[in-house]
Amino acid sequence: MRRRSFLIQSALSAGWVALPTLFEFGCKEKRMDKEFKFKGHVNIVGAGMAGLYAAKLLTQHKISHTVFEASAQVGGRIKSLNGFETYPIELGAEEIHGENSIWFDSLFQLGAKLINPDQQDYLSINGELVPEYLWDQDSRIKPGIEVLNELETGSILSDNSLSDWWQGRLPQDQRLSQTLVYARSCNDFGTSADRISVKAINYENREWRSGDNNLILSSGSFTDYLEKLFPEIIPKVKVVTPITRINYGSEYTEVIDAKGVVYPAEKTIVTVPLSILKQGIIQFDPPLPTEKINQFNSFGMDTGIKMFLRFSKTWWPEDMGSIILEDSLPEIWATSQGKEAVLNRTLTVFVMGAGAEILSQLEPQAAVNRVLGRLEYYLGVGLAQDLQKWHIQDWSKEPWIQGAYSYAKAGAQANRKILRQPVNQQIYFAGEAMNDVHYATVQGAMESAQRAVWEIGTS
Ligand SMILES: Cc1cc2nc3c(=O)[nH]c(=O)nc-3n(C[C@H](O)[C@H](O)[C@H](O)COP(=O)(O)OP(=O)(O)OC[C@H]3O[C@@H](n4cnc5c(N)ncnc54)[C@H](O)[C@@H]3O)c2cc1C
């Protein structure tokens, strides 16, 4: 997920964000109660942020545990690409959403330098790039800004889809406003406007507690910081160990891998992506309660793609954050994001839901050609000759992830509290999807692990 606050930078506020800010806030110690009653062994399934953080907390409480990871590497949806650019590129999570979170605190404690990129977003209108500070003066865009503000600060009780809800507010001829709302809401939430519940978007906006700044690392990658945060955990993770079955209901839970090896434990924390749970890739015996399985189906986890295009020259404005396009490619941003002393020559195409599904079905080169074609069409410039190289990260094609991140489906009465409820005081659920408010974020995964460990410790 890219952006936390929809609020548009208006002409009045344009000067407000000055130079990239180096964040040096004091960090808050978030400690769990010392009274841990639980004695026994815990199995943790999945070694993304939730699984690794759960293991770290259990270590702190001297509770023995084993972490199982299906793929050959830890990190899950934190994954970095070295060598494509002169700086590491984030294939999954990239921004630190807010300075009031465990993730921010962890990075701060590790000495990470974070910057708040001071860049301007542009909306492409008939080949012209219109900067964000002018949007609220343009009658074609203003209705979209009002809709975004309502999504952020209103109180929306309808479980309709975003597109059904905006019907009355943004009539057909308001294409530009629809484009803006699409890019700044549902695409960030991992899907398309006709799939996501508008109530869920509004709830997340109102309840969000992490702060509104979107920060990035000034150097290094999220993967580097995972290694620094979990030096004692990562070497012990059982990688290439997909779990296919979890038994519970008797004295022990049993986690069983694809080779049939059985690992008993008193408790199990399941942190695999929701898509893996929805598809029944892990069989539970006895089956999980129907209410929980129904909730799995109330959420989606759609295709999500980041495509990186490196050009021989910068043809976009130097101060550009994102370009928002009137297209199924809603948002494209400068990959360097204002990092100092790096070349600004690569763009990230960020597309979720239906638009991503179209690209995902194409051969990689055809997908790149399609994106270039759309860009050339909208911006009226020839680009193909300047493209040096490209890379595509399609999260739906990662066998143990199978999608970008969770979102509440329209009309499905999605309820994350039911989704994450422990079963039989033996099976606990963590991972981004299990966080009521900070889902689809790194801190959301960490908080969900904190909660699961707390539930075990006090059970
Ligand atoms: C394109 C994209 C952009 C994002 N941008 C941001 C951002 O800017 N900021 C932000 O805060 N967040 C962002 N996120 C979200 C963030 O990456 C996730 O919320 C977070 O990393 C999820 O952590 P997790 O532990 O819940 O799940 P995961 O990281 O998915 O970890 C789950 C692990 O379980 C493993 N697994 C699956 N099945 C099995 C099995 N059967 N047995 C054993 N192991 C299994 C998987 O291999 C994986 O390693 C982004 C995500 C994507 C995809």
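The following conversation goes through parts of a predicted model, from its core and ligand to its sheets and helices.

Me: What should I know about the numbering and the model before we begin?
Reply: Residues are numbered from 1 along each chain as its sequence is written. The model is predicted: local features need pLDDT of at least 70, side-chain atom pairs count only at pLDDT 80 or more, and totals for chains, interfaces and linings use all residues.

Me: Thank you. Which residues touch the most other members of the largest nonpolar core?
Reply: They are Ala54, Ile196 and Ala449, in a core of 121 residues. Helix α1 (residues 49-60) gives the most to this core, namely eight residues. A nonpolar core is a set of buried Ala, Val, Leu, Ile, Met, Phe, Trp, Tyr and Cys residues joined through C-beta atoms within 7 Å. A residue is buried if 20 or more other C-beta atoms lie within 10 Å of its own, exposed if 12 or fewer, and partly exposed in between, with C-beta atoms placed from the backbone. Helices (H or I, at least four residues) and strands (E, at least two) are DSSP runs, numbered from the N terminus.

Me: And which residues does Ile196 touch?
Reply: Not counting residues up to four places away in sequence, Ile196 touches Ser161, Leu162, Cys186, Phe189, Thr191, Ile201, Tyr407, Ala408 and Ala410. Contact requires that the C-beta atoms of two residues, placed from the backbone, lie within 7 Å.

Me: Let us turn to the ligand. How many residues surround it?
Reply: The ligand is surrounded by 43 residues, and the closest are Gly46, Gly48, Gly76, Trp400 and Gly431. A residue is near a molecule if its C-beta atom, placed from the backbone, lies within 6 Å of it.

Me: What classes of residue make up that shell?
Reply: The shell has 24 nonpolar, 12 polar and seven charged residues. Here Ala, Val, Leu, Ile, Met, Phe, Trp, Tyr, Cys and Pro count as nonpolar, Asp, Glu, Lys and Arg as charged, and the others, Gly among them, as polar. Helix α1, strand β17 (304-311) and helix α13 (442-457) each supply at least two residues of the shell.

Me: α13 again, then. On which strands does it pack?
Reply: That requires the sheet itself, an open one of four strands in the order β3-β2-β14-β23, with parallel pairing. Strands pair if DSSP finds at least two bridges between them. The edges are β3 (64-68) and β23 (427-429), each with a single partner strand, so one side of each has no neighbour in the sheet. From one strand to the next, the twist averages 20°. Helix α13 packs on this sheet, touching β2 (41-45), β14 and β23, and its direction makes about 155° with that of β23. Axes are lines fitted to C-alpha atoms, for helices over the stretch in contact, and angles run from 0 to 180 degrees between N-to-C directions.

Me: How many bridges join β14 to β23?
Reply: Three bridges join β14 (residues 267-270) to β23, and the two run parallel. One pair of bridge partners is Thr268 and Ile427 in β23.

Me: What is the strand order in the sheet with mixed pairing?
Reply: That open sheet of four strands has the order β13-β12-β11-β15. Strands β13 (262-265) and β15 (283-285) are at its edges with a single partner each, so one side of each lacks a neighbour in the sheet. Strand β11 (residues 243-247) pairs with β15 in the parallel sense over three bridges, and Arg245 has Gln283 in β15 as its bridge partner.

Me: What does Pro264 in β13 contact?
Reply: Leaving aside neighbours within four places in sequence, Pro264 is in contact with Tyr252 and Glu254. Pro264 is partly exposed, because 15 other C-beta atoms lie within 10 Å.

Me: Which side chains of β10 are buried?
Reply: In β10 (residues 214-217), Leu215 and Leu217 point to one face and are buried, while Asn214 and Ile216 point to the other and are not. Strand β6 (residues 96-97) runs antiparallel to β10, joined by two bridges, and His97 stands opposite Asn214.

Me: Last topic: is helix α5 largely enclosed or left open?
Reply: Nine of the 10 residues of α5 (residues 175-184) are buried, so the helix is largely enclosed by the rest of the structure. Its cover includes β8 (120-125), α3 (142-153), α4 (162-166), β18 (320-324) and β19 (331-334).
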